[in-house]
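Please read the following account alongside the sequence and the coordinates. It moves from one loop residue to a helix pair and then to charged side chains.

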Amino acid sequence: MTRVLFVCLGNICRSPMAEVLFQEHVKKAGLANDIETDSAGTGAWHIGEPPHVGTQKKLAEKGLNTEGMRGRKLTEQDLKDFQYVIAMDAENLGEIHRMAGYDCDAYTARLLDFVEESEFADVPDPFFTGDFDTVYDLVNEGCRRLLAFIRERENL
């Protein structure tokens with residue numbers, strides 16, 4: 001089983017959106033039995049909270065839901081349990097690397113590293129910008145490209 005973890009700051013906006021969208025891409029590709037997805041935040045402010053209402057609303061517009069999802073904090077164990085740890089921005093990628101030290105076998109990257117032609121390097125945080133539409137588009141394309149990368153790398 002290939003395990004993919006999406007990471008943002010509070011685990012209520014970007015990373016839950018990525019988790020749901022990536023799961024949808026995995027399901028459509030017929031790989032639900034091969035790839036497991038989760039999300040976490042580097043901060044502890046929203047532990048136990050559901051995804052942000054903006055994330056819920058944007059995903060609901062596309063027929064997707066976040067029912068049962070709750071914010072959680074990234075742990076050192078996550079860095080051992082997941083083969084891919086994908087950050088939404090450079091700040092969170094730096095925190096992943098700080099936590100991992102030299103003892104991390106997971107493939108780590110920013111989500112938009114897989115969308116080379118994007119004008120964005122980081123997925124903007126809609127908690128601060130309020131722009132869930134742009135974030136949805138960026139995350140959706142990043143997830144599509146990430147899945148293609150993982151399929152090739154893992155021979156799926």
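In this predicted model, L9 touches R14, G41, T42, G43, W45, E91, N92 and D125, not counting its neighbours within four places in sequence. L9 itself sits in the loop that runs between strand 1 (2-8) and helix 1 (14-28). One of its partners is G41, 32 residues away along the chain, and the C-alpha atoms of L9 and G41 are 4.8 Å apart.

Strand 1 also takes part in a link between charged side chains. R3 and E36 form a salt bridge, with an N to O distance of 2.9 Å. R3 belongs to strand 1 and E36 to strand 2 (residues 35-41), so this pair ties together parts that are 33 residues apart in sequence. R3 is partly exposed, at a relative accessible area of 21%, a value to be set against the 20% under which a residue counts as buried. E36 is partly exposed as well, at 32% relative accessibility.

The next topic is a pair of helices. The axes of helix 2 (residues 53-61) and helix 6 (residues 132-154) come within 10 Å of each other and cross at roughly 60°. The crossing of helix 2 with helix 6 is right-handed. Helix 2 contributes G54, T55, K58 and L59 to the contact, while helix 6 contributes F132, D133 and Y136. By type, the residues of this contact divide into three nonpolar, two polar and two charged.

How are K58 and D133 joined across this contact? They form a salt bridge in which the closest N and O atoms are 2.8 Å apart. Since D133 lies in helix 6 and K58 in helix 2, the pair ties together parts that are 75 residues apart in sequence. K58 has a second partner in E61, with the closest N and O atoms 3.0 Å apart in that salt bridge. Here both residues, K58 and E61, are in helix 2, three residues apart, or about one turn of the helix.

The accessibility of these three residues can be compared with the cut-offs. K58 counts as buried, because its relative accessibility is 10% and the limit for buried is under 20%. Its two acidic partners are partly exposed: D133 has a relative accessible area of 44%, and E61 has one of 48%.

Salt bridges also occur elsewhere in the model. E117, E141, R144 and R145 are linked by them in a network. The count for the model comes to 13 salt bridges.

Note on methods
Residues are numbered from 1 along each chain as its sequence is written. This is a predicted model: local features need pLDDT of at least 70, side-chain atom pairs count only at pLDDT 80 or more; totals for chains, interfaces and linings use all residues. Side-chain values use heavy atoms; hydrogens and water are left out. Axes are lines fitted to C-alpha atoms, for helices over the stretch in contact, and angles run from 0 to 180 degrees between N-to-C directions. Helices (H or I, at least four residues) and strands (E, at least two) are DSSP runs, numbered from the N terminus. A crossing is left-handed if the near helix is turned anticlockwise from the far one by less than a right angle, and right-handed if clockwise. Contact means heavy atoms within 4.5 Å. Ala, Val, Leu, Ile, Met, Phe, Trp, Tyr, Cys and Pro count as nonpolar, Asp, Glu, Lys and Arg as charged, and the others, Gly among them, as polar. A salt bridge is a side-chain nitrogen of Lys or Arg within 4 Å of a carboxyl oxygen of Asp or Glu. Buried means under 20% relative accessible area, exposed over 50%, partly exposed in between (1.4 Å probe, protein chains only).
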